[in-house]
Amino acid sequence: MKKIAVMTSGGDAPGMNAAIRAVVRYAVNNDMKVLGIRRGYAGLLDEDFIEMDFASVGGIMEKGGTILRSSRCPEFVRKETRAEAAKILVKHGVEGLVVIGGEGSLHGAMFLEEEQKVPVVGIPGTIDNDIALTDMSIGVDTCLNTVVDAIQKLKDTASSHERAFIVEVMGRSSGYIATVSGLVTGAEAIVIPEIPVNYEALGNKILRERERGKINCIVVVAEGAASAYTVARHLEHRIGYETRITILGHIQRGGSPTAFDRLLASRMGVAAVEFLKRGTSYVMTSLQGGKIVPAKLDEVLKQKKSLNMELVELTSLLS
Ligand code: ADP
């Protein structure tokens, strides 16, 4: 394989730059040319390309976001659009494509190979940890650390003022971020899409904790389960003291990646190029039991990653 292309697509995640760097450096070291596609599938259709050499990815490992930028490209769900994209890649001599992104982006990549025979390798990059067949996606660990840092700060004020804080975190369909951040900050409760919320029981639990002498209260809510405002409205009259709402929003998506994410991204970036080199495509780089292995894209995308319920159990065992 003489020339490959790399892109980031969909929601950005910390560590995407470290993955780009690994793809470019490993490919260049293996005598391949690398085309950087800017702005995801939209940039591919616009031929918004840059040649990437060894130096072009210097100093980006520690940066959040993605130097290739990202976008959403709704027309990519159409087969004709994907056929056009494949033609553009062939025109530029691209023999393999690495797509770094979430579930949506990986779907686009899967169809590109299925219908248009473009060899693709996906790298899971999303803070939601909702991609199946990989223990972790790039960006999850950094996001968790950002959330934990924020909750820890809110806990200070919650203690000083003896208030309840309802903290809304990201997670459209997965309660992973809410569960783990709640667990490691000793939150009183988590509200996640996987489990129907019982406000009566939640209110009673908070009151019990208060009777046991706890002076602060943190409830972590995944955005996909309920809004923080709804949770506050239901709880306030049951617990009888003031609640404050914090919606963490997009700060969860940015920031310098943690050592874990840099390492995962570096390993996955190298693996992606190695797979293409060996003729293994239509796969995603996947972390399974500590190893990076290829997972078939259709297998990954036909299932939903479910939350490990042992984590939920652990939160109740420890509170
Ligand atoms: P993420 O990759 O973070 O999940 P999106 O779901 O927004 O983000 O998807 C990013 C882009 O991937 C979309 O804008 C679109 O271009 C492409 N995409 C998403 N779903 C599909 C699909 N079913 N078929 C083809 N392309 C898709």
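These are my notebook entries on rings, the ligand and a few single residues in this predicted model.

**Ground rules.** I number residues from 1 along each chain as its sequence is written, and I leave out hydrogens and water, since side-chain values use heavy atoms. As the model is predicted, local features need pLDDT of at least 70 and side-chain atom pairs count only at pLDDT 80 or more, while totals for chains, interfaces and linings use all residues.

**Aromatic rings.** I looked for aromatic pairs and found 1 in the structure. Y41 and F76 form it, with 3.9 Å from centre to centre and 15 degrees between the planes, and it is stacked. (Rings of Phe, Tyr and Trp, the last by its six-membered ring, pair if their centres lie within 6.5 Å; planes under 30 degrees apart are stacked, over 60 edge-to-face, and the rest tilted.) Y41 belongs to helix α2 (residues 40–46) and F76 to the loop between β3 (49–52) and α3 (79–91), so the pair ties together parts that are 35 residues apart in sequence. (Helices, H or I with at least four residues, and strands, E with at least two, are DSSP runs numbered from the N terminus.) I also checked burial: both Y41 and F76 are buried. (Buried is under 20% relative accessible area, exposed is over 50%, and partly exposed is in between, with a 1.4 Å probe and protein chains only.)

**Charges over rings.** Next I looked at arginines. R25 lies over the face of F54, 4.0 Å from the ring centre. R210 has its charged end over the ring of Y241, at 3.7 Å from the centre. (The test asks for NZ of Lys or CZ of Arg within 6 Å of the ring centre and within 35 degrees of the ring normal.)

**The ligand.** Which residues are the closest to the ligand? They are G11, R72, C73, G104 and S105, out of 16 that surround the ligand. (A residue counts here if one of its heavy atoms lies within 4 Å.) I then went through polar contacts, which are pairs of N or O atoms within 3.5 Å; within protein, one must be able to donate a hydrogen and the other to accept it, and residues adjacent in sequence count only if both atoms are side-chain atoms. A polar side-chain atom of S105 is 2.5 Å from an oxygen atom of the ligand. The backbone takes part too: a polar backbone atom of G102 is 3.1 Å from a ligand oxygen, and a backbone N or O atom of E103 is 3.3 Å from one. On its own the ligand has 550 Å² of accessible area, and the protein covers 79% of that. (Areas come from the Shrake-Rupley method with a 1.4 Å probe; for residues, only the protein chains shown count as cover.)

**T126.** I found T126 in the loop between β5 (120–124) and α5 (140–161). T126 counts as buried because its relative accessibility is 11%. Its side chain reaches the backbone nitrogen of D128 at 3.2 Å. Beyond four places in sequence, T126 touches several residues, including A13 and G102. (Contact is heavy atoms within 4.5 Å.)

**E209.** Buried or exposed? E209, in helix α7 (residues 199–211), is buried, at 10% relative accessibility. Leaving out residues up to four places away in sequence, E209 touches E188, K214 and S319. The C-alpha atoms of E209 and S319 are 8.9 Å apart, though 110 residues separate them along the chain.

**Positive phi.** Most residues other than glycine have a negative phi. K117, in the loop between α4 (103–116) and β5, has a positive phi near 60 degrees. K117 is exposed, at 62% relative accessible area.
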